[in-house]
Amino acid sequence: MKRTALLAVPAALLLALVPGTASAYPNPGTVTGSTVVHDPTMIRTSGGRYLLYATGGGLGYRTSTDRISFTAGADAFTAKPAWWSSYATEAWAPDISYAGGKYLMYYAVSRFGENTSAIGLAGSSSGLPGSWTDYGVVYTSTAGSDYNAIDPNLFVDDDGKWWLSFGSWWTGIKMIRIDPATGKQYAGDTKRYSLAARPTGSKAVEAPYIVKRNGYYYLFASYDVCCQGTSSTYKVKAGRATSVTGPYYDKNGVAMTNNGGTPVLESHGNVIGPGGQSITHDTDGDLIVYHYYDGSANGTPKLGINLLNWSSGWPVAY
């Protein structure tokens with residue numbers, strides 16, 4: 001469906017959708033062109049251009065003027081920062097935002113399945129490939145850590161405080177406070193907060209993203225296994241809190257630190273393992289931007305975009 005078609009969905013139908021049943025999940029909106037991505041993050045510039053970055057090389061770039069047709073461009077960095085080699089050779093899971101008068105991009109450098117990892121930061125006046133200045137390491141984890149410093153997301157609160165959520169597996173999703181002057185950890189509060197975890201069974205929760213809507217903070221996260229093509233079991237769940245540092249609870253009152261989470265997107269039809277999500281506010285509402293594995297294309301990872309409806313107090317994709 002194209003964007004105009006998405007807007008025509010009756011409100012009564014939206015409220016009737018029950019997350020957790022296959023029929024509740026919409027197919028992605030129509031996108032064309034260069035749409036093979038992992039972990040997409042997208043922002044709309046003041047001029048109406050969409051800038052999308054994703055996992056790959058020096059952080060792969062896509063752009064669109066209509067949110068449908070996407071064209072590939074050069075990677076974010078013309079040369080990989082030298083410090084990456086201490087952790088890996090590739091960057092993962094970028095997070096683009098506009099804050100403090102410039103475009104910022106947090107990203108992770110790590111090896112799959114390891115937690116000797118680092119979160120880096122870059123800034124740009126335009127957000128375009130080749131314009132990014134790397135600011136170096138923000139936060140790290142080691143083989144002895146009980147957390148993994150990947151999948152960063154910057155959240156700027158109404159009171160002007162900056163927060164960075166991150167995490168993958170181990171003991172789950174974490175958060176630190178960020179100094180707006182540097183984009184790095186705030187010296188006046190060095191606590192590492194815990195937002196979501198799976199203390200029993202699988203430890204598979206990662207890719208946090210936080211937004212504030214209607215007085216609540218909402219934490220989105222990806223659960224279960226990514227990156228296995230049509231065998232992927234990734235899914236997106238959410239919880240909400242009255243404080244940015246939590247505690248976050250799902251619709252049934254289960255804490256996200258105790259394996260809670262209300263389903264937002266799960267596998268259905270040829271849409272397999274949706275996750276690696278980010279949330280973007282656009283002129284027609286909030287978007288969930290994610291990757292999924294296309295069951296009709298041998299599990300090729302594709303870009304998914306859907307609008308979100310908040311009328312029930314919980315995010316519902318349509």
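Two strands are taken as paired if DSSP finds at least two bridges between them, and the exercises below apply this to a predicted model.

**Exercise 1.** Determine in what sense strand 3 and strand 4 pair, and which residue of strand 4 stands opposite L52.

*Solution.* Begin with the general point that strands of a sheet pair through backbone hydrogen bonds, either parallel or antiparallel. Strand 4 covers residues 60-64, and its pairing with strand 3 is antiparallel, running over five bridges. Within this pairing, the residue of strand 4 that faces L52 is R62.

**Exercise 2.** Place this pair in its sheet, giving the strand order and naming the edge strands.

*Solution.* The sheet is open and is formed by five strands, which follow the order 1-5-4-3-2 with mixed pairing. Strand 1 (32-33) and strand 2 are the edge strands, since each of them pairs on one side only.

**Exercise 3.** Describe the largest nonpolar core, stating which residues touch the most other members and which strand gives the most to it.

*Solution.* First, the core holds 20 residues, and those that touch the most other members are F77, Y107, V109 and W132. Next, consider the strands: strand 3 (50-54), strand 6, strand 7 (102-109) and strand 8 (117-124) each supply at least two residues of this core. Among the contributors, strand 7 gives the most, namely four residues. Then take V109 as an example: leaving aside residues up to four places away in sequence, its contacts include W83, W84, Y87 and A91, as well as T116 and A118. Finally, another core lies apart from the largest one; it has 18 residues, among them Y25, V264, V271 and L308.

**Exercise 4.** Characterise the largest pocket by its volume, its central residues, the strands that supply its lining and the classes of its residues.

*Solution.* The largest pocket encloses about 520 Å³ of space. It is lined by 24 residues, of which S97, Y209, R213, I279 and H281 are the closest to its centre. At least two lining residues come from each of strand 2 (41-44), strand 6 (91-99), strand 10 (153-156), strand 14 (205-213) and strand 18 (271-282). Sorted by class, the lining consists of 13 nonpolar, six polar and five charged residues.

**Exercise 5.** Give the corresponding description of the second largest pocket, covering volume, central residues and classes.

*Solution.* About 400 Å³ of space lies in the second largest pocket. Of its 21 lining residues, W92, F112, S168, E206 and C227 are the closest to the centre. By class, this lining divides into 10 nonpolar, six polar and five charged residues.

Technical notes
Residues are numbered from 1 along each chain as its sequence is written. This is a predicted model: local features need pLDDT of at least 70, side-chain atom pairs count only at pLDDT 80 or more; totals for chains, interfaces and linings use all residues. Side-chain values use heavy atoms; hydrogens and water are left out. On a 1 Å grid over the protein atoms alone, a cavity is a set of points where a 1.4 Å probe fits but cannot get out, and a pocket is an open set with protein on both sides within 12 Å along at least five of seven lines; lining residues have an atom within 4 Å of a point. Grid points are joined across faces, edges and corners, and a volume is the space filled by probe spheres set on the points. Ala, Val, Leu, Ile, Met, Phe, Trp, Tyr, Cys and Pro count as nonpolar, Asp, Glu, Lys and Arg as charged, and the others, Gly among them, as polar. A nonpolar core is a set of buried Ala, Val, Leu, Ile, Met, Phe, Trp, Tyr and Cys residues joined through side-chain atoms within 4.5 Å. Buried means under 20% relative accessible area, exposed over 50%, partly exposed in between (1.4 Å probe, protein chains only). Contact means heavy atoms within 4.5 Å.
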